[in-house]
Amino acid sequence: DFMDKYIFHKNITNENVVSIEFDSESNTSIMPNGKYVCVLAENTLSQYNILGKKEHELKIEINNPIYETSGRYLVIGEANSQKLYLISGNSIVWEKQIDGNISNISVNKNGYVSCIITGTTYKSVIVVYNEKGNELFKTYLSSTIAIDSSISNDNEYLSFGEINTSGTTIQSNIKTISIKNAVENKEEPIIYTYTASQNSMLLSLEYQDKNRLVCLYDDSIRMIESEVDMVLLQLNESDKKVTFADIDLDNYAFRSVEISTGLFNANTDIQMININNQKEHNYTVEGVAKSIICKENVVAVNLGSEINFINTSGWLMKRYISSQEVKNIVICDDMAGIVYRDKIEIVNL
């Protein structure tokens with residue numbers, strides 16, 4: 001703590017950062033896009049750099065966005081509506097008008113997009129586009145509901161999670177499609193199906209390097225590689241109070257465990273596991289986490305008016321101390337946006 005504070009100057013306050021103001025009365029959404037913090041309001045996506053200067057504006061006809069980022073790509077869709085955009089840097093790569101209602105979207109580092117659609121004659125439809133916006137194929141689900149999808153970094157596989165609610169219990173399945181087989185219209189493009197236990201509910205999934213598929217369930221984080229299933233982290237241990245968990249990191253997954261230090265006090269232990277070698281890194285934060293946001297190699301622990309930015313090696317990057325409650329956090333390349341009711345403060349990581 002002494003070295004972090006006085007030698008490396010990792011403690012910063014809102015008096016030492018630049019800020020971006022926006023109209024709190026308008027319908028405003030804040031999102032990351034590579035090296036930019038983006039503000040979407042009144043169908044305009046404004047991109048701000050690390051100095052808080054507006055560099056670009058893009059016309060985006062979306063009011064209620066859902067989005068995902070990967071590498072230099074940002075995909076934005078209108079939740080429960082039809083508009084879909086792929087953005088790279090300061091330009092719109094393509095835009096689509098979807099038949100149906102968008103419920104979930106994902107993008108890989110090469111700009112391949114998968115979109116889950118509802119509101120058609122099927123319970124779910126999954127459509128895949130390449131980086132140029134060309135539709136590659138569609139997958140139709142007549143009896144199950146797709147909840148998440150991910151495309152591998154080599155563009156070879158699409159995996160999606162589905163739930164079956166027709167029985168007495170909800171069943172979660174993960175299916176993997178060969179994109180090449182699907183594009184060539186081969187009879188059975190699904191090359192692998194993994195069925196979870198009836199007590200596990202799938203929440204999300206994400207491809208990492210070497211086609212390792214990391215899956216977040218309500219009771220565990222698991223990895224599927226070459227049809228082999230491995231538990232990385234348990235989330236339902238009776239002797240531990242697990243508060244947050246996520247898989248949106250580069251080759252890492254994490255969980256946070258609240259540890260009591262007294263009658264009314266507790267600390268938060270961040271446990272990060274490397275999916276390649278299962279090596280674990282820990283970092284303990286003094287206080288109870290109100291939310292945790294992660295992206296690439298950064299985990300941001302929000303304590304209310306203090307945020308600890310930790311890397312996946314278990315080292316503190318920056319400790320940001322605010323004079324008011326933080327509403328949200330967005331993590332960009334080498335910086336983070338601290339979102340309040342009417343402004344964003346830029347923290348250089």
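**Cysteines and a sheet**

Modeller: The sulfur of Cys-215 sits 15 Å from the closest cysteine sulfur, the one in Cys-294, so it is too far for a bond. Bear in mind that this is a predicted model.

Biologist: What makes that too far for a bond?

Modeller: A disulfide needs two cysteine sulfur atoms within 2.5 Å. The closest sulfur to that of Cys-215 is 15 Å away, so the pair fails the cut-off.

Biologist: And how many disulfides does the structure hold?

Modeller: Zero. Take Cys-38: its nearest cysteine sulfur belongs to Cys-332 and is 7.3 Å away. The cut-off is 2.5 Å, so Cys-38 is in no disulfide.

Biologist: Are Cys-38 and Cys-215 buried or exposed, and how do you know?

Modeller: Buried means under 20% relative accessible area. Cys-38 has 0%, so it is buried. Cys-215 also comes out at 0%, so it counts as buried.

Biologist: On to the sheet. What makes β2 and β31 edge strands?

Modeller: Each pairs on one side only. The open sheet has four strands in the order β2-β33-β32-β31, with antiparallel pairing. β2 covers 18-21 and β31 covers 328-332. On average, neighbouring strands here are turned by 25° against each other, direction ignored.

Biologist: How do you know that β31 and β32 pair?

Modeller: Pairing takes at least two bridges. β31 and β32 (residues 335-339) have five, so they count as paired, in the antiparallel sense.

Biologist: Which residue in β32 stands opposite Val-330?

Modeller: Gly-337.

How values were computed. Residues numbered from 1 in each chain as written. Predicted model: local features only at pLDDT ≥ 70, side-chain atom pairs only at ≥ 80, totals over all residues. Heavy atoms only, no water. Helix = DSSP H or I, 4+ residues; strand = E, 2+ residues; numbered from the N terminus. Axes fitted to C-alpha atoms, helices over the stretch in contact; angles between N-to-C directions. Buried < 20%, exposed > 50% of the residue type's maximum accessible area, 1.4 Å probe, protein only.
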